[in-house]
Amino acid sequence: SCAVEGDLVVWDIEHRRRIVNEASSARGEAIEFTADGRMLAVGRPDAAIDLWDVATWQRIRTLLRGALPWNLRFSPDQTKLAVASAEESALEIRDVASGETNARSLFPSEIRGVAWSPDATVIAAGSSDIALLRGRSTIDGKPTAYVCENLSCKQPVTLEGEFEKLL
């Protein structure tokens, strides 16, 4: 859990004790375990991201500043980290080993949710807009979105139903 002020607290539920209690290191919205439970990513208020080794509760590394983290999601293969920023309306794909930003995409509104496909070739991001295509740039007067796979975007989609099917 993370307090509003930015304290990171990790609880051992079975033994009812705190494992980590670190002040001023975390942003409560941006915290994510890997699927195997071996690593924890924690977004910081300065836009850096700390990666923790769960076995030792030591920091493995810090990914340098990028988009201010609101939501973090590890890819299923745990080699990439999706970083959604509500303040910048940006989605970044970061390499976990190097910290490099592999891709960055801007959205018309705040990104609230991120999910990877099981094979880590497709990523979906949901913004605070109710209509999927609202506020998008237009082609032939129709709102348009792009669906990206393997970090490259496919042809534009102009029909909301078509866009939903692709996600």
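Two strands are counted as paired here if DSSP finds at least two bridges between them. In this predicted model, β7 and β8 meet that condition, as four bridges join the two strands, which run antiparallel. One of the pairs is Asn71 with Ala84, the latter being its bridge partner in β8. The two strands form a hairpin with five residues between them. Within that turn, Gln78 has a positive phi of about 65°.

A further set of strands makes up an open sheet. Its four members follow the order β3-β4-β5-β6, and the pairing is antiparallel. The edge positions belong to β3 and β6 (58-63); each has a single partner strand, so one side of each is left without a neighbour in the sheet. From one strand to the next, the twist averages 20°. Strands of a sheet pair through backbone hydrogen bonds, in either a parallel or an antiparallel sense.

The sheet can be followed from β3 onward. Three bridges connect β3 with β4, and the two run antiparallel. Glu32 has Ala41 of β4 as its bridge partner. This pair of strands forms a hairpin with five residues between them, and Gly37 in the turn has a positive phi of about 75°. The next step, from β4 to β5, is antiparallel over five bridges, with Gly43 standing opposite Ile49 in β5. Here too the strands form a hairpin with five residues between them; in this turn Ala47 has a positive phi of about 80°.

How is β4 placed with respect to the rest of the structure? Five of its five residues are buried, so β4 is largely enclosed by the rest of the structure. Its two faces are both covered: Met39, Ala41 and Gly43 are buried on one side, and Leu40 and Val42 are buried on the other.

The loop between β3 (31-33) and β4 (39-43) contains Thr34. With a relative accessible area of 4%, Thr34 falls under the 20% limit and is therefore buried. A polar atom of the Thr34 side chain lies 3.2 Å from the backbone nitrogen of Arg38. Leaving aside neighbours within four places in sequence, Thr34 is in contact with Met39, Phe74 and Gln78. Of these contacts, Gln78 is in the turn of the β7-β8 hairpin, while Met39 and Phe74 are members of the largest nonpolar core.

That core has eleven residues in all: Ala30, Met39, Ala41, Ile49, Leu51, Leu63, Leu72, Phe74, Leu81, Val83 and Val96. The elements giving two or more residues to it are β4, β5 (49-53), β7 (71-74) and β8 (80-85). Leu72 offers a view of the surroundings. Residues up to four places away in sequence not being counted, Leu72 touches Ala30, Ile31, Glu32, Ala41, Val42, Gly43, Ile49, Leu81, Ala82 and Val83. Apart from this core lies another, of ten residues, including Ala84, Val114, Trp116 and Ile123. Ala84 is also the bridge partner of Asn71.

Notes: Residues are numbered from 1 along each chain as its sequence is written. This is a predicted model: local features need pLDDT of at least 70, side-chain atom pairs count only at pLDDT 80 or more; totals for chains, interfaces and linings use all residues. Side-chain values use heavy atoms; hydrogens and water are left out. Buried means under 20% relative accessible area, exposed over 50%, partly exposed in between (1.4 Å probe, protein chains only). A polar contact is a pair of N or O atoms within 3.5 Å; within protein, one must be able to donate a hydrogen and the other to accept it, and residues adjacent in sequence count only if both atoms are side-chain atoms. Contact means heavy atoms within 4.5 Å. Axes are lines fitted to C-alpha atoms, for helices over the stretch in contact, and angles run from 0 to 180 degrees between N-to-C directions. A nonpolar core is a set of buried Ala, Val, Leu, Ile, Met, Phe, Trp, Tyr and Cys residues joined through side-chain atoms within 4.5 Å.
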